[in-house]
Amino acid sequence: MGSEAPLPPPRAAVLNGGAERAAALRAEPGGVARSRAGRHPPTISPPPPAMSQRRGPPPRADMLPEIAAAVGFVSGLLRTRGCVSEQQLQVFSGALREALAEHYKHHWFPEKPFKGSGYRCIRINHKMDPIISKAASQIGLSLPQLYQLLPSELTLWVDPYEVSYRIGEDGSICVLYEATAAKPVSSYGMLTCKNQMMLGRSSPSKNYIMTVSS
């Protein structure tokens with residue numbers, strides 16, 4: 001008679017053998033069980049934190065109308081030349097609004113509207129104002145293009161309760177926005193940046209072309 005086939009090991013032996021192999025895997029260096037292919041299981045990295053859409057704190061509410069008037073005026077100058085699309089104007093307006101809010105946040109004094117007027121003034125005098133050029137760079141406008149699209153002489157005063165501008169050295173001062181202060185304001189610094197420019201002129205004129213009252 002031929003030799004008989006070996007009997008399979010008892011069930012208990014199979015279970016014990018599996019437990020021993022699992023224990024051996026856990027005992028490998030590093031304490032990490034390996035997969036059947038001999039590699040560590042993949043590590044899933046946590047997702048990166050969501051980026052905030054807001055670049056900075058919102059502008060102060062008490063300067064929003066004045067900034068809106070200044071931004072609308074400069075954007076309107078670009079629009080009249082017809083070389084900038086409406087989508088580009090929206091991007092430019094948003095960038096200029098954000099830049100002005102950042103520039104003015106520590107230099108805005110509703111109780112003393114004339115204080116800091118020179119700092120807040122936007123000026124083009126054959127040299128482009130850096131705030132405008134920075135905003136224009138967001139839509140790909142270069143300095144030579146800006147000089148072609150904007151007046152070579154422009155002064156824009158952005159003060160609490162009033163926004164006004166003058167084009168040219170001898171042009172009239174035109175008011176874009178005007179509001180009444182809720183409380184009496186101080187006469188601090190009555191000799192403002194605007195008044196200094198008008199010194200020596202016998203009868204400085206002021207035209208109200210877009211007056212907004214509050």
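A residue counts as partly exposed when its relative accessible area falls between the limits for buried, under 20%, and exposed, over 50%. The model described here is predicted.

## Salt bridges

Glu 86 has a relative accessibility of 44% and is therefore partly exposed. Its side chain forms a salt bridge with that of Arg 79, with a distance of 3.0 Å from N to O. Arg 79 is likewise partly exposed, since its relative accessible area is 41%.

The structure contains six salt bridges. Three of them are listed in the table below, each with its N to O distance.

| Side chains | N to O distance |
|---|---|
| Glu 86 and Arg 79 | 3.0 Å |
| Arg 123 and Glu 169 | 3.1 Å |
| Glu 169 and Arg 166 | 3.9 Å |

The side chains of Arg 123 and Glu 169 meet at 3.1 Å. This pair connects distant parts of the chain, for Arg 123 belongs to strand β1, whereas Glu 169 sits in the loop between β3 (162-167) and β4 (173-178), 46 residues apart. Arg 123 is partly exposed, because its relative accessibility is 21%. Glu 169 is also partly exposed, as its relative accessible area is 38%.

Glu 169 has a further salt-bridge partner in Arg 166, at 3.9 Å from N to O. With a relative accessibility of 2%, Arg 166 lies under the 20% limit and so counts as buried. Through salt bridges that share partners, Arg 123, Glu 153, Arg 166 and Glu 169 are joined into one network.

## Helix α5 and its surroundings

Helix α5 spans residues 130-137, and its buried residues include Ile 131, Ile 132, Ala 135 and Ala 136. These residues lie on the same side of α5, because they cover an arc of only 130 degrees around the axis. The face turned away from this buried side carries Pro 130 and Lys 134, both of which are exposed.

What do the buried residues of α5 pack against? Their partners are α2 (64-80), α3 (86-104), β1 (122-125) and α6 (143-149).

At the N-terminal end of α5, Asp 129 acts as a cap: one of its side-chain oxygens lies 2.9 Å from the backbone nitrogen of Ile 131.

One residue of helix α3 is Glu 98. Glu 98 is partly exposed, since its relative accessible area is 41%. Glu 98 and Ala 135 are 37 residues apart in sequence, and their C-alpha atoms are 9.0 Å apart in space. Ala 135 is one of the buried residues of α5.

## Asp 159 in strand β2

Strand β2 covers residues 153-159 and includes Asp 159. Is Asp 159 buried or exposed? Its relative accessible area is 8%, which is under the 20% limit, so Asp 159 is buried.

The side chain of Asp 159 makes a polar contact of 3.2 Å with the side chain of Ser 117. Leaving aside residues up to four places away in sequence, Asp 159 touches Glu 66, Trp 108, Pro 113, Ser 117 and Arg 120. Ser 117 thus appears both in this list of contacts and as the partner in the polar contact.

Terms used. Residues numbered from 1 in each chain as written. Predicted model: local features only at pLDDT ≥ 70, side-chain atom pairs only at ≥ 80, totals over all residues. Heavy atoms only, no water. Helix = DSSP H or I, 4+ residues; strand = E, 2+ residues; numbered from the N terminus. Buried < 20%, exposed > 50% of the residue type's maximum accessible area, 1.4 Å probe, protein only. Polar contact = N/O pair within 3.5 Å; in protein donor to acceptor, adjacent residues only side chain to side chain. Contact = heavy atoms within 4.5 Å. Arc of directions from axis to C-beta. Salt bridge = Lys/Arg side-chain N within 4 Å of Asp/Glu carboxyl O.
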